[in-house]
Protein chains: 2
Amino acid sequence: MFFEGSEKKLEIIVDAAAPKLRSLDRTFWQGLVAASNADILSSISNDFCDAYLLSESSLFVWDDRIVVLTCGASTLVESACYFIEHIGEQAISYVCYQRKNEYYAHLQASSFGDDVLRLRDFIGGQAYRMGHLDSHHHYIFTTDKHYQASPLDTTNELLMYHISGTVADYLRGEHQSTEQISQLLQLEQLFSGFSVDQYLFSPLGYSINGIRGAEYFTIHITPQENSSYVSVETNIDISLNQVDIFAELIVLLQPNSCDIIGFNSHMANKPALNYVCLSHCAMTLEQGYNIHFSHYQQDCLEVLKPILL
Amino acid sequence: MFFEGSEKKLEIIVDAAAPKLRSLDRTFWQGLVAASNADILSSISNDFCDAYLLSESSLFVWDDRIVVLTCGASTLVESACYFIEHIGEQAISYVCYQRKNEYYAHLQASSFGDDVLRLRDFIGGQAYRMGHLDSHHHYIFTTDKHYQASPLDTTNELLMYHISGTVADYLRGEHQSTEQISQLLQLEQLFSGFSVDQYLFSPLGYSINGIRGAEYFTIHITPQENSSYVSVETNIDISLNQVDIFAELIVLLQPNSCDIIGFNSHMANKPALNYVCLSHCAMTLEQGYNIHFSHYQQDCLEVLKPILL
């Protein structure tokens with residue numbers, strides 16, 4: 001029943017020399033996700049953004065940028081190479097490639113080090129690890145080209161491991177519906193006014209993309225016992241929200257541990273109720289991004305049963 | 001500068017049908033450690049035990065049992081197969097094969113799952129994981145043959161990650177001596193009356209074996225910054241000791257995190273000063289072993305710098 005829910009993530013920003021990305025035809029995007037060994041399942045669009053639900057997570061396309069998340073043993077680094085090769089390195093302003101904390105790194109097609117070598121065949125950049133190797137950590141590669149991001153260019157990522165409680169039980173149950181999951185997670189309240197596209201995987205798993213103007217959120221749930229993982233990502237400034245979206249989702253899903261990653265976020269170092277922040281790591285890129293990584297664990301001794309393998 | 005200090009460990013107990021293991025010639029033991037891609041560097045002996053220092057950790061031989069620890073990318077499972085093949089499965093009473101929490105599992109020659117499949121070609125047994133996949137965890141394979149261990153058959157293992165402070169600085173320095181390391185760790189006081197055999201590795205690293213009658217201790221230090229690891233293991237009942245050996249070593253080496261593993265130990269769940277126990281897992285084997293695993297981390301937020309890769 002093991003599935004690696006933890007994602008790789010790619011963001012690429014292009015300059016004015018590139019075509020408007022939303023004008024590229026579907027074949028291009030099918031090729032891009034195929035390079036990761038993923039398929040397009042469905043899509044929604046508005047005036048700013050096309051949001052694709054993938055067999056392995058999500059692709060968002062704006063005229064000047066893309067965000068792709070892929071999970072499992074997908075090869076997202078190949079989608080990065082595909083994009084740079086087709087659009088041309090000169091038209092690329094900024095690339096950020098991330099690998100989140102994996103359960104079974106040894107089952108992946110490549111290590112992060114391998115991925116960095118592959119990326120450097122196409123574009124220059126720096127690679128970092130945030131967090132200790134033997135605890136939760138986050139890998140990030142960013143290009144070193146001249147580019148200046150707006151301080152308002154924000155991303156907030158909440159990554160939850162080992163969810164528990166009634167919502168987790170429902171997600172692991174025999175029968176689910178997208179409506180019920182959406183309701184249990186209070187998504188209409190937490191992300192109001194978003195158009196959404198949801199998908200229920202067999203035997204288990206749930207994905208949702210939401211867009212509202214140029215804003216997006218995406219949630220992916222791998223509920224499998226002993227290796228459950230839920231990711232939530234959005235470019236809205238959640239610190240301005242009346243409701244603390246991440247705090248609400250943590251209360252609903254009761255993860256044993258979670259990571260919060262922010263780009264130009266105002267969420268850095270925010271204490272989470274009943275959780276202890278075990279480590280924090282921050283860095284500032286010349287390109288105008290303040291990046292922070294924080295690893296939290298429930299503030300109590302967890303007594304575990306041995307797992308028969 | 002990366003080296004995987006974290007060990008695999010093998011313990012095998014034989015019955016009266018087997019030859020007295022200490023009567024086997026050196027060629028046999030050279031073959032055994034060669035199967036792990038290790039060499040014998042030196043040895044000490046007394047009336048009960050032969051203790052070998054290896055290029056990759058340690059081998060202890062008593063008449064009825066062996067304990068082998070190997071680090072790096074060694075293939076200790078092959079030493080288990082070598083031993084069972086040469087001595088004969090019928091003469092084996094008990095096998096315990098462990099893999100401790102690794103920094104880079106993907107750089108190992110095999111996964112624990114692979115190792116279990118390989119072992120089962122030679123002998124039956126159960127495999128377990130103690131601890132969450134995304135936090136520190138411990139793998140253990142044990143045979144299910146009829147065997148009854150004495151409640152006094154105890155082992156205590158202390159595994160320290162990310163050491164810091166003045167002793168750690170000395171261990172990472174330009175020049176060290178075995179005498180100075182032994183003195184800084186107060187080993188003569190903590191393990192008094194033991195005959196010892198020490199080795200300093202180049203460029204970094206330190207090993208010591210100690211024996212006193214049928215008792216042993218062994219310490220292996222991989223001091224490399226960002227992936228440091230120190231293991232301490234002994235079959236003495238440290239709960240009877242006047243000085244709390246593990247507590248002293250934790251104070252001296254100031255690890256960011258540590259695991260304590262016990263077999264019929266009275267150390268289970270002992271709180272460590274300034275550390276929080278994040279998870280605990282215990283199980284009892286029919287063969288007469290109570291096994292416990294506890295994962296501790298320093299009780300403070302650790303602010304980390306990003307690591308440029």
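**Exercise 1. A residue with an unusual phi**

In which loop is the place of A:Asn264? Find the loop, then look at the backbone there.

*Solution.* Keep in mind that this is a predicted model. Start with the location: A:Asn264 sits in the loop between strand 14 and strand 15 of chain A. Now check the backbone: A:Asn264 isn't a glycine, yet its phi is positive, at about 50 degrees.

**Exercise 2. Cis peptide bonds**

Take the peptide bond between A:Ser202 and A:Pro203, then the one from B:Ser202 to B:Pro203: what is omega in each?

*Solution.* Begin with chain A. A:Ser202 and A:Pro203 are joined by a cis peptide bond, with omega about 5 degrees. Place it on the fold: A:Pro203 belongs to the loop between strand 10 and strand 11 (206-212) of chain A.

Move on to chain B. From B:Ser202 to B:Pro203 the bond is cis, and omega is near 5 degrees. There, B:Pro203 lies in the loop that runs between strand 10 (195-200) and strand 11 (206-212) of chain B.

**Exercise 3. Walking across a sheet**

In what order do the nine strands of the open sheet come, and which strands stand at the edges?

*Solution.* Step one is the order: 10(A)-11(A)-12(A)-13(A)-9(A)-14(A)-16(A)-15(A)-17(B), an open sheet with mixed pairing. Step two is the edges. Strand 10 (195-200) of chain A and strand 17 (302-304) of chain B each have a single partner strand, so one side of each has no neighbour in the sheet. Step three is the twist, which averages 10 degrees from one strand to the next.

Now zoom in on one pair. Strand 15 (residues 275-285) and strand 16 (residues 289-298) of chain A run antiparallel and are joined by 10 bridges. Within this pair, A:Cys281 stands opposite A:Phe293 of strand 16 of chain A.

Finally, see what packs on the sheet. Helix 7 (residues 245-253) of chain A touches strand 9 (155-161), strand 13 (229-234), strand 14 (257-263) and strand 15 of chain A. The direction of helix 7 makes about 10 degrees with that of strand 9 of chain A.

**Exercise 4. Two helices side by side**

How do helix 2 (residues 76-87) and helix 3 (residues 112-120) of chain A cross?

*Solution.* Get the geometry first: the two axes come within 10 Å and cross at roughly 5 degrees. Angles under 35 degrees count as roughly parallel. Helix 2 and helix 3 of chain A are therefore roughly parallel to each other.

Then list who meets whom. From helix 2 of chain A come A:Val77, A:Glu78, A:Ala80 and A:Cys81, and they meet A:Asp115, A:Arg118 and A:Leu119 in helix 3 of chain A. Sort the residues of this contact and you get four nonpolar, no polar and three charged.

**Exercise 5. Sizing up two pockets**

What are the volumes of the largest and the second largest pocket, and what lines them?

*Solution.* For the largest pocket, the volume is about 1100 Å³. Its lining has 47 residues, with A:Tyr103, A:Tyr104, A:Ala105, A:His106 and B:Ala105 closest to the centre. By type, the lining splits into 21 nonpolar, 14 polar and 12 charged. Helix 3 of chain A and helix 3 (112-120) of chain B each supply at least two lining residues, and helix 3 of chain A gives the most, with five.

The second largest pocket has a volume of about 300 Å³. Among its 18 lining residues, A:His132, B:Glu225, B:Asn226, B:Glu302 and B:Leu304 lie nearest the centre. Here the split is three nonpolar, nine polar and six charged.

How values were computed:
Residues numbered from 1 in each chain as written. Chains lettered and ligands numbered in written order. Predicted model: local features only at pLDDT ≥ 70, side-chain atom pairs only at ≥ 80, totals over all residues. Heavy atoms only, no water. Pairing = 2+ DSSP bridges. Helix = DSSP H or I, 4+ residues; strand = E, 2+ residues; numbered from the N terminus. Axes fitted to C-alpha atoms, helices over the stretch in contact; angles between N-to-C directions. Contact = heavy atoms within 4.5 Å. Parallel < 35°, antiparallel > 145°, perpendicular 65-115°, else oblique. Nonpolar A, V, L, I, M, F, W, Y, C, P; charged D, E, K, R; others polar. 1 Å grid on protein atoms, 1.4 Å probe; cavity = no way out; pocket = protein on both sides within 12 Å on 5 of 7 lines; lining within 4 Å. Points joined across faces, edges and corners; volume = space filled by probe spheres on them.
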